[in-house]
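User: Could you take a close look at how one pair of elements packs together here, and then tell me how that compares with what sits elsewhere in the fold? Plain language is fine.

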Amino acid sequence: MPNARPLSYRAAVLEALFVEMRRDDAVIMLGEDIGTAGGVFKQTDGLFAEFGAARIIDTPISESGAFGMAVGAAMAGQRPVFEVMFGDFITLIMDQLVNQAAKLHYMSAGQFNVPIVVRTAVGIGGNLGPQHSQSLHAWLAHIPGLKVVMPSTPADAKGLMAAAIRDDNPVVFFEDRMLYNMRGDVPDLEHIVPIGRADVKREGRDVSIIAVSRMVHTALAAADLLAKDDISAEVLDPRSLVPLDIDALVASVKKTSRAIVVDGGHLQYGVTGELAATISEHAFDYLDAPVLRAGSADVPIPFSKTLEPLMLPDAEKLAQVAAALVRGQR
C-alpha cells in the first residue's frame, strides 16, 4: 500500500472527516457531545478546534428533531455527517431516516438529493448491555433509498467514509466499536474506497467465508486454524450491504463451491439470510452444499461478562463448522 502508515480504525475515520471538511465547506457534523468533548469514543477529537461551532454542531438529546434539521440542511445544499452515539439509538431517528431521507429523491422526482451520512457505533463487547450493544444494520438494509456501509479495517474505514460523504444519497455508516483501537496501514491524504465493491481479504480454494465488519477478523482467524488442517478458506468482505457486490459473491463461490455467511447481528431475519439467499439464487449451480449461516444469538445482549462472549461465533467454532462443511458432514 503506497504512502501508507499505521493508524487505528478510529483515527482513520477521523482522518477522512478532516480531509473531507477541509476539501468541501459544505460538509458539517451534528451530534451529541461531538464538539469540545470530542465524541463519546473520541471519534471527533480535534474537529471542533479546527472547524468551530458553525460546522461541528453539538445537538441536544433530541435525536429525532436534530436529525430532521440535518435532513433539511442536506436538502438545502449542505453535506451533513450526523453522529448517533450508539447504534441502538438509531431507533430514535427512524421516522426521519426511513420515511423522509430515504424517499425524498424518489418522491420529488429527483428535484432533491439528501447527501447525508449517519455514522454510529455498534457491536457486542464491553459489557454495555442490551440497550447499547445491538447491531441493527439489517433494519436499515431493508429500506430502499439507503446505502449501508460496514468497514472492517482502518484503510476501508477511511476510504468508505470519504466515499459516503461525497455520495448524493443517504448513507448509514456502521462502525463496530470493538474495532476502534485496531491498527492497520492507511493511505495518506485523499483515499476513496467505492461503495458497493467487495474485497477478498484472503484467497482460498475450499470454502468461502463471507464475513461482515468485525466478523471479518473472526473469519481470518478461523482461516488460520483451517490452514493447519490443509483446508484453504477464502474470506470475502462485502464492505457494504447496500449496494451489494453480488458478482464478488458469485466469483468466490464459483471457486470454492461452499459458503458460510457470518455477521454480528442477530441471526433471525438478518443479513446472513439475505446473503445466503443471494448466493443460492445467483450461484446455485456452483454449490456442493447448502450455504450455512452464523451470527449473534437471538436473545437480548447480556451485561454479564460470562454470558456476553457467548453471543458471537468465535474462530474455533467457525473453523469447526467450515471443516465439517468441506468434509461433507454438513
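Analyst: Helix 1 and helix 7 run roughly parallel to each other; angles under 35 degrees get that label, over 145 counts as roughly antiparallel, 65 to 115 as roughly perpendicular, and the rest as oblique. Bear in mind that this is a predicted model, where local features need pLDDT of at least 70, side-chain atom pairs count only at pLDDT 80 or more, and totals for chains, interfaces and linings use all residues. Residues are numbered from 1 along each chain as its sequence is written, and side-chain values use heavy atoms, with hydrogens and water left out.

Now the pair itself. Helix 1 spans residues 9-23 and helix 7 spans residues 154-166; they pack at about 30°, with axes 8 Å apart. Helices here are DSSP runs of H or I with at least four residues, strands are E runs with at least two, and both are numbered from the N terminus. The axes are lines fitted to C-alpha atoms, for helices over the stretch in contact, with angles from 0 to 180 degrees between N-to-C directions. The crossing of helix 1 and helix 7 is right-handed, that is, the near helix is turned clockwise from the far one by less than a right angle (anticlockwise would be left-handed).

Who touches whom? From helix 1 come Y9, A12, V13, E15, A16, L17, E20 and R23, and from helix 7 come P154, A157, K158, M161, A162, I165 and R166, contact being heavy atoms within 4.5 Å. Sorted by class, that makes ten nonpolar, no polar and five charged residues. Ala, Val, Leu, Ile, Met, Phe, Trp, Tyr, Cys and Pro go under nonpolar, Asp, Glu, Lys and Arg under charged, and the others, Gly among them, under polar.

Elsewhere, helix 9 (residues 246-256) and helix 10 (residues 271-283) pack at about 70°, with axes 10 Å apart. That angle is why they are called roughly perpendicular. The crossing of helix 9 and helix 10 is right-handed too. The contact uses I246, L249, V250 and V253 of helix 9, and L275, T278, I279, H282 and A283 of helix 10. The class tally for this contact is seven nonpolar, two polar and no charged residues.

Within helix 9, A248, L249, V250, S252, V253 and T256 are buried; buried means under 20% relative accessible area, exposed over 50%, and partly exposed in between, with a 1.4 Å probe and protein chains only. Their cover includes strand 10, strand 11, strand 13 and helix 10.

Both pairs also have a residue in a nonpolar core, meaning buried Ala, Val, Leu, Ile, Met, Phe, Trp, Tyr and Cys residues joined through side-chain atoms within 4.5 Å. I279 of helix 10 is, with F67, L97 and L140, among the residues that touch the most other members of the largest core, which has 48 residues. Helix 3 (residues 63-75) supplies the largest share of that core, six residues. V13 of helix 1 is in a second, separate core of 32 residues, which also includes I34, V171 and F173.

Last, the ends of helix 9. Ahead of it, P243 lies in the loop between strand 12 and helix 9, and a cis peptide bond joins V242 and P243, with omega about -5°. Just after helix 9, S257 takes a positive phi of about 75°. For context, most residues other than glycine have a negative phi, and most peptide bonds are trans.
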